[in-house]
Amino acid sequence: MKHKIILLAISLICFLAVDAQNIVYVYGDVAADGAIPSGSKEPFHQMRLNDEGDLGMSGFKKALEAVGFTISEVYDQEIVINAKFLKEIDVLILGSNQRVFIEAEAKALKRWVKKGGGVIAWSDSGFGGEYSIVGVDNEVGRISDNVLMEQFGMRFLTDNGAGNYLVNEYVQDHFINKNNKHKGVAFRGEGVSFVRVSKPAVILAKAQEGGLGGRLVVNSNDGEFNENTDVALAIAEIGKGRVIGIFDRNLFWNAGAGTRLSHSDNRVFAQRIALWAAGIEDEQRFANDTNALVSAINTPPTISIDYTYSKTDNSLAITAVITDDDKDAISPEIVWEQVEGPADCEFENNNPNTTTPRIFIPKAGKYVFKASVLDGEFEINKFLNYVRE
């Protein structure tokens, strides 16, 4: 019996050694003011793999290890993308890098992809520094990736700074969405840098706000938004290899601003894009993922608002209807506030679960009220405009 156990263990070790895939993650170094490298200043949003802080990628690393990958990181200024560098890599992830790669490196990458290599890339204005200092229009983050990605039909646009997006509708059934194009895998982004698609790339998921209110626009630097070219998720199959372009980086970090790995299905989305890029479409890879969350899908609620005005006491009697069709056992809460008006209004019967508050309006003028519906990870805002004559 002892010998059988030893043989089984040896077989398992051999299987894992043969079956392991190697991912290399490229990171960069920029200061908040845009200085590259950061030097004596604090590095800004490096998103390092072993960083367990809010802006770190330790959860991302563990998620990929859970489905059979080994993953390491390299600093963009210390590598040259050539055949020697790519030789032992199965998937290359362009993370927070800033270095502008040269044409020879792009050609080397394409040759490697044709032979079976996989590439995943995302862009963000934050890779150029703190947006309040360098602005969302800065080009640093996207130029670095575009030198490599445009040859695959994927061009990252300038950050639009236009809110949050929940992507849960796809163009086709695919391994990445569990072969269910209707809400099979939902991923949530913030920002964002849409991917402008041309051949040989194809669209897997169009840009969509998904109930979170993100505006379907592009930065003015990129002209007008086109739903048929400016997308959330693009893929390409080049020879034996596969390439993926994603509209945001925030969905992958531990717990940063906007979105994070624990929101929606971001974790399993990360695992599935890595597997697909590696040429693997095996559901058994998820069988031993002990950290996987098994829960009902949480979708954004919807809200409609109606009201009647009473001249007797100058009040608005409001009726809000919240629709929440998911089965996650989280009951939405609603909170009201005044955001504009010539005077402070008094709310009667206003608590987190009130859908019928009464608002007393003391003076003539234009008023704006906001209802915020909270549902687990989601916050949906609805505005009511009223002018008292």
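Arg249 sits in the loop that runs between strand E11, residues 241–246, and helix H7, residues 266–277. I should say at once that what we are looking at is a predicted model.

Is Arg249 buried or exposed? Its relative accessible area is 4%, and buried means under 20%, so Arg249 is buried. Setting aside neighbours within four places in sequence, Arg249 is in contact with His45, Met47, Trp122, Ser123, Asp124, Gly126 and Phe127.

Please keep Ser123 and Asp124 in mind, as both of these contacts of Arg249 also appear in the lining of the largest cavity. The structure holds 1 cavity of 30 Å³ or more. The space in the largest cavity comes to about 40 Å³. Which residues line the largest cavity? Beside Ser123 and Asp124, the lining includes Ser125, Val136, Asn138, Glu139, Gly141 and Arg142. Leu157, Thr158, Asp159 and Ser193 also belong to the lining. Sorted by class, the lining has 2 nonpolar, 6 polar and 4 charged residues.

Let me now turn to another residue, Glu340. Glu340 lies in strand E14, which covers residues 333–340. With a relative accessibility of 39%, Glu340 counts as partly exposed, whereas Arg249 is buried. What does Glu340 touch, if residues up to four places away in sequence are not counted? The answer is Lys366, Tyr367 and Val368.

One distance completes the account of Glu340. Pro300 is 40 residues apart from Glu340 along the chain, and the C-alpha atoms of these two residues are separated by 26 Å.

Terms used. Residues are numbered from 1 along each chain as its sequence is written. This is a predicted model: local features need pLDDT of at least 70, side-chain atom pairs count only at pLDDT 80 or more; totals for chains, interfaces and linings use all residues. Side-chain values use heavy atoms; hydrogens and water are left out. On a 1 Å grid over the protein atoms alone, a cavity is a set of points where a 1.4 Å probe fits but cannot get out, and a pocket is an open set with protein on both sides within 12 Å along at least five of seven lines; lining residues have an atom within 4 Å of a point. Grid points are joined across faces, edges and corners, and a volume is the space filled by probe spheres set on the points. Ala, Val, Leu, Ile, Met, Phe, Trp, Tyr, Cys and Pro count as nonpolar, Asp, Glu, Lys and Arg as charged, and the others, Gly among them, as polar. Helices (H or I, at least four residues) and strands (E, at least two) are DSSP runs, numbered from the N terminus. Buried means under 20% relative accessible area, exposed over 50%, partly exposed in between (1.4 Å probe, protein chains only). Contact means heavy atoms within 4.5 Å.
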